Amino acid sequence: MAKMIAPPQPYLKARVTITYYFPTAMRHDADNYAGKFLLDGLTKAGVIVDDDLAHIRTHIAGDYDKREPRTVITVREVEP
């Protein structure tokens, strides 16, 4: 289930953490989960100003959750 709380104004600078919870513990290459379409969506939704390196820092993580596989995106504003 998607749950999003958009800021009143897009964040000028932000740290975006994308955590993938996979249904199996098999090996996953991090570069296959860089999240381009997710970052594009955050820009289009007005959460962040832009997804270039001048405006965001990203962190990608992975974990295992057989019962509830999901993707969690956390966006935190940082000082410009």
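1. In this predicted model, Y33 is partly exposed, with a relative accessible area of 25%. That value is not under 20%, the limit for buried, and not over 50%, the limit for exposed, so Y33 falls in between.

2. The ring of Y33 pairs with that of F22. The arrangement is edge-to-face, with the centres 5.2 Å apart and 70 degrees between the planes. F22 counts as buried, at 12% relative accessibility.

3. The F22 and Y33 pair joins separate parts of the chain: F22 belongs to strand β1 (residues 14-22), while Y33 lies in the loop between β1 and α1 (36-44). The two parts tied together by this pair are therefore 11 residues apart in sequence.

4. F22 also forms an aromatic pair with Y20. This pair is stacked, at 6.0 Å centre to centre and with 20 degrees between the planes. Y20 is buried, its relative accessible area being 9%.

5. Taken together, Y20, F22 and Y33 are linked by ring pairs into a cluster. The structure holds three aromatic pairs; among them are the stacked pair of Y20 and F22 and the edge-to-face pair of F22 and Y33.

6. A separate contact concerns Y21 and R70. The charged end of R70 sits over the ring of Y21, at 3.9 Å from the ring centre.

Technical notes:
Residues are numbered from 1 along each chain as its sequence is written. This is a predicted model: local features need pLDDT of at least 70, side-chain atom pairs count only at pLDDT 80 or more; totals for chains, interfaces and linings use all residues. Side-chain values use heavy atoms; hydrogens and water are left out. Rings of Phe, Tyr and Trp (its six-membered ring) pair if their centres lie within 6.5 Å; planes under 30 degrees apart count as stacked, over 60 as edge-to-face and the rest as tilted. Buried means under 20% relative accessible area, exposed over 50%, partly exposed in between (1.4 Å probe, protein chains only). Helices (H or I, at least four residues) and strands (E, at least two) are DSSP runs, numbered from the N terminus. A charge sits over a ring if NZ of Lys or CZ of Arg is within 6 Å of the ring centre and within 35 degrees of the ring normal.
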